[in-house]
Amino acid sequence: MTAKAPMNLRRLLIGSAVFRLALILYGEWQDAHMEVRYTDVDYLVFSDAASLMASGSSPYKRTTYRYSPLLAFLLLPNSVLHRSWGKFIFSASDLLVGYFIYKILKQRKVAEDLCLYSVMVWLLNPFTFTIGTRGNCEPIVCAMILWILICLMNGKIIQAAVWYGLVVHFRIYPIIYSLPIILVLNPRYIQLGNGMEASTRYNLWTAAKSMFSKERVLFGLVSGGIFFLCTGLFFHLYQWEFLNEALLYHLTRADPRHNFSVYFYHIYLQYGRQLSLVEKLISFLPQSIVQLVLISTFAQDLPFCFFLQTVAFVAFNKVITAQYFVWFFCLLPLILPWSDMKLKWEGLGCVGLWMGAQLHWLLWGYLLEFKGQNVFLQLWMASLVFLLANASVMAVFIRLQRFSPIFLQIKVSDSKSGVKSQ
Amino acid sequence: MRIIGWICWRWKMGIIWKFFFCCCFIVVTLSIYGDCLSLEDCILKSYFSKNEVLTDSSFQDLLQDELSKFSCKLLPGDPNPQLTLSGLERRLIGEGSHRHLSSTIQLQVPPQSFPLQSCKLVMIERLPSGVFADPFELDHLFHHGAYAGIGVFGDTNLELPSVSSNRSAVEIHMNFEHSISSGAMSELGIRIDLPLHARYAPLHESGYSEVAFGTPDLLVSCSMEGSSGMRSCLIVPSHDSNRLRTDVVWKIPCGIMSHTNVVSVVTFATAFVSTLVIVFASVLYPKPR
């Protein structure tokens, strides 16, 4: 690392911070002077919920508040200090994600310039800087996911487990990362304490010991404990309202209104009808198969596995809104240094295909919602194209990615080191 | 340029009104959403405190009760103060799922001086199932101008399709300026714009569902000197139905039942093809040993 390099990252972070501050200030002006708000409707929901919490009421008295009470707690200063407090927190998390990307890539011995370009992919992405400054809370989730990766890479399993339990409580979808994390906590790659001796004999006993290793059991118990502690605490405070709005709603959500998901029109046409068990299973299968195949193939390259899983999870979900994209945007910079994808024309082709499919959908969505034309069939076909575009982009990424596990296998002579990360 | 008339809600009891007469359109503003002004609470608040669901017949019954309870007659035998609704024109402005229902109201007030003070217009819009008003949007609009008052009651769930939702209603109170002119009939014109949104409609083979708006309930609420001090009272303006143009129909695009089988089959087929693309790419991935 040269003396100049930290200055470049510092300049990048400072410049990004100033830009985000300007956007927040602009957002305040637009909200005050124009009929169309800059601020996301969800931010007003968070703020109202925080005000209710500040006055001693349940945040769930605010309709459409479907998040953990922790979020409302985080935004309590909205009522006391300034209504933009939350936007500052989210934008700060957004900058933290940039810093964590740099930290992870440096730890994986990526060259300095490549680290900075990867950080720019996140910090200079228009989607990224608008999402935090408009008051969307996803940057916090992204920062937590990346911190979990850093903890795992440094062998801090308990800390990783605590944050993992917390992030699953906060946003549920990271539950899809549980299996790859458990798989990567293989005693051959990561061991707590003095570790176990490598053995050439492989029998049921060694297999069981390996499957239920100290690291895996600890991670499972701690993360599960944190999750149930949070759930139990908030259930005690807010009863079924909390459980229904913050947890069960997300698990059973099937929105018939138009969104990017291929399932929206099917759900609308079937709305009110009781689906058979076969129909429910069929809608569940593609997501399950894809997740299992990706995990079994790529778990050792944890960032790449997370990225693919997240893209697939979003693409095959029953509801897709634009804010979900940030879940994998924060992971994309972590995999780029190991991609053989050239910007021309594979990279631009993927961007063009994905953005083009999205814009195509948005065109039909505009005609339906703002012009009142019956284009349900065309909009649904656009969602099919979007799903196929997602699958194609994933296939290109897979084909051009160099497999790079985050841990190397521990040699017998290194058993005292505990962890050897790549 | 659209003139937006809104209604203000006041928080405290004892509204003081002036009854202004003018021949021009008046901009009125919407005040704090969610609470009702004095008139012993809003009519809709009274209604929904006793009823879970909005039905026209039970609402009419309550309205008659309110009118007889809060009559503007000084003595039981006195005639009601005369107010005439000389014109009501309704239009749906905009396209798509988000539109404004514009109501232009013309009131005629006789030249005799009233014992009534501080009158305001009360408009109750009983929305048909299939459309809803967003309370948070109305609250935001309130904070952007000076409004008298507005309240949304009933099923205000923004997300449900119309088959799973109940009706809602909006009560709008409007202040207006007046200048008393003696000897001549005074004409008052008020325009109210109410932003509305379409719910997902039930399936129909034509591809469109029609939502028809009824006539709003228009009342005038005033303060008058009673035997035990100032009290609020209600008047229903008389009107000639022929002069009221209230037919408003909103055509909302909806799903077509005959698409069901094709959509289901092709949706799941596409999901499986996408699954196969990803699975094959993963299986063929050359993982180093």
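1. The UniProt record, an unreviewed entry, lists residues 12-29, 84-102, 114-132, 217-238, 311-336, 348-367 and 379-398 of chain A under "transmembrane region". The coordinates discussed here come from a predicted model.

2. Two of these listed spans may be examined in the model. Residues 217-238 of chain A are 100% helix and 0% strand, and the C-alpha atoms at the ends of this span are 31 Å apart. For residues 114-132 of chain A, the helix content is 89% and the strand content 0%, with 25 Å between the end C-alpha atoms.

3. The second largest pocket holds about 910 Å³ of space. Its lining comprises 30 residues, of which V121(A), F329(A), L332(A), V351(A) and F397(A) lie closest to the centre. Elements contributing two or more residues to this lining are α6 (112-123), α7 (126-133), α15 (302-315), α16 (326-329), α18 (343-371) and α19 (376-399) of chain A. The greatest contribution, 7 residues, comes from α18(A).

4. What is the chemical character of the residues in the lining of the second largest pocket: how many are nonpolar, polar and charged? The lining has 24 nonpolar residues, 5 polar and 1 charged.

5. In chain B, strand β6 covers residues 149-154. Buried here denotes a relative accessible area under 20%. Because 5 of the 6 residues of β6(B) are buried, the strand is largely enclosed by the rest of the structure.

6. Strand β6(B) is joined by 6 bridges to strand β7 (residues 168-174) of chain B, and the two run antiparallel. Within this pairing, G154(B) is placed opposite S168(B) of β7(B).

Notes:
Residues numbered from 1 in each chain as written. Chains lettered and ligands numbered in written order. Predicted model: local features only at pLDDT ≥ 70, side-chain atom pairs only at ≥ 80, totals over all residues. Heavy atoms only, no water. UniProt positions renumbered as here; feature names shortened; annotations may be inferred. Helix = DSSP H or I, 4+ residues; strand = E, 2+ residues; numbered from the N terminus. Buried < 20%, exposed > 50% of the residue type's maximum accessible area, 1.4 Å probe, protein only. Pairing = 2+ DSSP bridges. 1 Å grid on protein atoms, 1.4 Å probe; cavity = no way out; pocket = protein on both sides within 12 Å on 5 of 7 lines; lining within 4 Å. Points joined across faces, edges and corners; volume = space filled by probe spheres on them. Nonpolar A, V, L, I, M, F, W, Y, C, P; charged D, E, K, R; others polar.
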